[in-house]
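Opened a new notebook page for this one. I want to go from single residues out to the helix packing, and jot things down as I look them up.

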Amino acid sequence: MMKKFDVTMLTIAILVVGLVILGVAGKQETQEPAVAIVNGEAITKDRVINGFTPKGQQKVMENAIKEIVIRQEAKKLGVQVDQKAIDAEVEQIKKSWGTKEEFEEFLKRKKITEADMRKDLEMSELSEKAFATSIPLKDEEIKKYFEQHKSEFGDNAVYENVKDKVKEKAMSEHKKEFFDQWIHTLVKNADIKYISKIEQPVFEEDEKK
């Protein structure tokens, strides 16, 4: 029998972006000291430290920076989250656990709240929409993917009949190729001021130099 839907595979462990629950503070006023300022937005000290080891703090800082630059880029592009889609996804996740008690136990094990999970889903959708707007997948790329992977869609598959599935798979490959570089460019172009002795993050592209 199939196990219950594993949210960690779908959302909680999404990469890329860094979770809101890892401690990003926006432009709102705060009395907490900041450890970094990213294009005018503060990352607060207590949220970065928060019981993490120095290495963990560095990772939290990295994720927080990524999350901020992606949100800012999405705002610049006019990209918004579809709240109805988020509501539907949250309900799907709840139903997959069968009962309210099982769902709440799952949240407890992950040490998150339903609000945290919702914020992560929103961040995931926002990042995907912003990426797709910034580096769009062209129609010719979708068709090329179909021609190169026809066997995946059946021997007699007609492009127009399977276009949506082709686009989904082509986009997955598109993201593998360009998503990390897109984020790296956003970070590289950001105005980041580190104002703490916490070890600064080393982003993946920097490590390759």
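**Starting from Val187**

I looked up Val187 first: it is buried, with a relative accessible area of 7%. This is a predicted model, so I keep that in mind for every value here. Val187 sits in helix α8. What does Val187 touch, once its neighbours within four places in sequence are left aside? My list reads Ile65, Lys66, Val69, Ile192 and Phe203. I also checked the C-alpha distance from Val187 to Ile65: 7.3 Å, for two residues 122 apart along the chain.

**Helix α8 and its partners**

Next I went up a level, to α3 against α8. Their axes are 9 Å apart and the angle is about 90°. That makes the two helices, α3 and α8, roughly perpendicular. From α3, the contact takes in Ile65, Lys66, Val69, Ile70 and Glu73, while α8 brings Trp182, Ile183, Leu186 and Val187. Sorted by class, I get seven nonpolar residues, two charged and no polar ones in the contact of α3 with α8.

Then I tried α7 against α8. Helix α7 covers residues 139–148, and its axis lies 8 Å from that of α8, at an angle of about 100°. Roughly parallel or roughly perpendicular? Angles of 65 to 115 degrees count as roughly perpendicular, and α7 and α8 are therefore put in that class. The α7 side of the contact is Asp139, Glu141, Ile142, Lys143, Tyr145 and Phe146. On the α8 side I noted Tyr159, Val162, Val166, Lys167, Lys169, Ala170, Glu173 and His174. By class, the contact of α7 with α8 has seven nonpolar, six charged and one polar residue.

**Salt bridges**

Side chains of opposite charge can pair when their charged atoms come close, so I ran a search for such pairs. How many salt bridges are there in the whole structure? The search returns 14.

I wrote down three of them in detail:

- Arg71 pairs with Glu41, with the closest N and O atoms 2.9 Å apart. Arg71 is in helix α3 (residues 54–77) and Glu41 in strand β2 (residues 41–44), so this pair ties together parts 30 residues apart in sequence. Arg71 is partly exposed at 27% relative accessible area, whereas Glu41 counts as buried at 6%.
- Lys59 meets Glu62 at 3.5 Å, N to O. Both lie in helix α3, three residues apart, which is about one turn of the helix. Lys59 is partly exposed, with a relative accessible area of 43%, but Glu62 is buried at 9%.
- Lys176 pairs with Glu173, the closest N and O atoms being 3.5 Å apart. These two are three residues apart in helix α8 (residues 159–189), so about one helical turn separates them. Lys176 is exposed at 62% relative accessible area, and Glu173 is partly exposed at 37%.

I followed Arg71 a bit further: Glu41, Glu67 and Arg71 are linked in a network of salt bridges. Glu173 comes up again too, since it is also one of the α8 residues in the contact with α7.

**Backbone oddities**

I scanned for positive phi outside glycine and noted two residues. Asn39 has a phi of about 50° and is not a glycine. Asn39 lies in the loop between β1 (34–38) and β2, and counts as partly exposed at 32% relative accessibility. The other note is Lys111, with a positive phi near 60°. Where is Lys111? It lies in the loop between α5 (100–110) and α6 (114–134), and at 76% relative accessibility Lys111 counts as exposed.

**Whole chain, for the record**

Last, I pulled the totals. The protein has nine helices and three strands, in the order α-β-β-α-α-α-α-α-α-α-β-α from the N terminus on. Of its 209 residues, 38% count as buried. The exposed surface is about 13300 Å², and carbon and sulfur atoms supply 49% of it. For contacts between residues at least 6 apart in sequence, 71% join residues at least 24 apart. The Val187 and Ile65 pair I started with, 122 residues apart along the chain, is in contact as well.

Notes: Residues are numbered from 1 along each chain as its sequence is written. This is a predicted model: local features need pLDDT of at least 70, side-chain atom pairs count only at pLDDT 80 or more; totals for chains, interfaces and linings use all residues. Side-chain values use heavy atoms; hydrogens and water are left out. Helices (H or I, at least four residues) and strands (E, at least two) are DSSP runs, numbered from the N terminus. Buried means under 20% relative accessible area, exposed over 50%, partly exposed in between (1.4 Å probe, protein chains only). Contact means heavy atoms within 4.5 Å. Accessible areas come from the Shrake-Rupley method with a 1.4 Å probe; for residues, only the protein chains shown count as cover. A salt bridge is a side-chain nitrogen of Lys or Arg within 4 Å of a carboxyl oxygen of Asp or Glu. Axes are lines fitted to C-alpha atoms, for helices over the stretch in contact, and angles run from 0 to 180 degrees between N-to-C directions. Angles under 35 degrees count as roughly parallel, over 145 as roughly antiparallel, 65 to 115 as roughly perpendicular and the rest as oblique. Ala, Val, Leu, Ile, Met, Phe, Trp, Tyr, Cys and Pro count as nonpolar, Asp, Glu, Lys and Arg as charged, and the others, Gly among them, as polar.
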